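Hi,

Here is the structure I promised to pass on. Have a look at it first, and then read on for my notes.

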Amino acid sequence: MDQHSQLIAAPPRSAINDFLTAPPGATREAPRHLWGFGGLHGGLAIGAMVAAMREAVGATGAPLRSVSGRLHRAVREPFTIDAAADAETRSTASFSAKLRPAGQPGERAASTPVPPAALASATALFGSDAPVASPTLSPAAPAVPAWHEGSLFNPPPSFVPVAESYELRVTGTNRPFAGGTDPNLTAWVRLTEDDLPPDDLRLLFLVDALAPSYAAILQAPQPIPTVELSAHFSGERAVSPWVLIEARTPIATAGGWITETINVWGEDLTHLAEARQLRLVRPAQAS
């Protein structure tokens, strides 16, 4: 058994993989062990919609280049996903999807001509490579220790149930809700259910695995839910289960709207994805 497998025992089920590989067209569950703050983890909700859109891509099999998802309401109940093609060119195909509450058992379609309002929605662009003789650019990874030198810092499962599915090793001194001065969080993260390098669907989950970076300058827990998550993929592949994630909040408005930028590198420091989140600070809940 390798070193990182010894650190934390894998959960008894392959929760993330099973969820992301479930048949997209079927009625899906939002089990509590996959919840983030109050509902299905946002990265998993968007990943499920991408999986449905990928199925619609069919034989083209073009890689995922970008996705933009919006979370309209917490996903707690069974749901279905509708995916449709929007446009196609010689090198790209764009799709959209909506995640809706599932109908009640025995409910006739004719009795509900208008589908229920979407709980979440997303658009995605799939595109094939077109190698050109031009310079390439990518963000440089921060200078941090290797993953095995990071400090283990997983949120309590009672607060974030899905945290049992990953191992998080922070670098530096910033911590969520520690009253710091820099709205930045950096950590090595991996899924604990297997040793596979993450593909793009798993990256969508991992890119949203850290606490909001804005929390690093707050002194007490406060809800900061994701409203919108967009990600662009480099087309490069991770070489191990570990990815390095750096999240920073450059914008926080007086109205509570937070803009967060996130970058992900593989263990070899190859850039894998860049993401942006739009968050909204909610009033702290009374104890």
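Here is one to try while you have it open: which residue in strand 7 is the bridge partner of Arg 169? Keep in mind that this is a predicted model. The partner turns out to be Trp 188.

That bridge belongs to a bigger set: strand 6 and strand 7 (residues 184-191) run antiparallel and are joined by five bridges. Strand 6 also pairs with strand 5 (residues 151-152), again in the antiparallel sense, over two bridges. Within that pairing, Ser 151 stands opposite Val 170 of strand 6.

I'd spend a minute on strand 6 itself. Five of the five residues in this strand (residues 166-170) are buried, so the rest of the structure largely encloses it. Both faces are covered: on one side Tyr 166, Leu 168 and Val 170 are buried, and on the other so are Glu 167 and Arg 169.

Stepping back to the whole chain, there are four helices and 11 strands. Of the 287 residues, 46% are buried. Among contacts with a separation of 6 or more, 70% are between residues 24 or more positions apart. The accessible surface is about 14,300 Å², and carbon and sulfur atoms account for 54% of that.

Now the pockets. The largest has a volume of about 1,200 Å³. Its lining comprises 47 residues, with Gly 36, Phe 37, Gly 38, Ile 224 and Pro 225 nearest the centre. Strand 6 and strand 7 turn up again here: each gives at least two residues to the lining, as do helix 3 (42-57), strand 8 (226-233) and strand 11. By class, that lining splits into 31 nonpolar, 11 polar and five charged residues.

The second largest pocket comes to about 230 Å³. Among the residues lining it are Thr 136, Pro 139, Glu 236 and His 271. Here the class count is two nonpolar, five polar and one charged.

Finally, there is one cavity of 30 Å³ or more, with about 40 Å³ of space inside. Its lining includes Val 207, Leu 210, Ile 245, Glu 260 and Arg 279. Strand 9 (243-252), strand 10 (257-266) and strand 11 (271-280) each contribute at least two of the lining residues. Seven of the lining residues are nonpolar, one is polar and three are charged.

Over to you!

Cheers

Note on methods
Residues are numbered from 1 along each chain as its sequence is written. This is a predicted model: local features need pLDDT of at least 70, side-chain atom pairs count only at pLDDT 80 or more; totals for chains, interfaces and linings use all residues. Side-chain values use heavy atoms; hydrogens and water are left out. Buried means under 20% relative accessible area, exposed over 50%, partly exposed in between (1.4 Å probe, protein chains only). Two strands pair if DSSP finds at least two bridges between them. Contact means heavy atoms within 4.5 Å. Accessible areas come from the Shrake-Rupley method with a 1.4 Å probe; for residues, only the protein chains shown count as cover. On a 1 Å grid over the protein atoms alone, a cavity is a set of points where a 1.4 Å probe fits but cannot get out, and a pocket is an open set with protein on both sides within 12 Å along at least five of seven lines; lining residues have an atom within 4 Å of a point. Grid points are joined across faces, edges and corners, and a volume is the space filled by probe spheres set on the points. Ala, Val, Leu, Ile, Met, Phe, Trp, Tyr, Cys and Pro count as nonpolar, Asp, Glu, Lys and Arg as charged, and the others, Gly among them, as polar.
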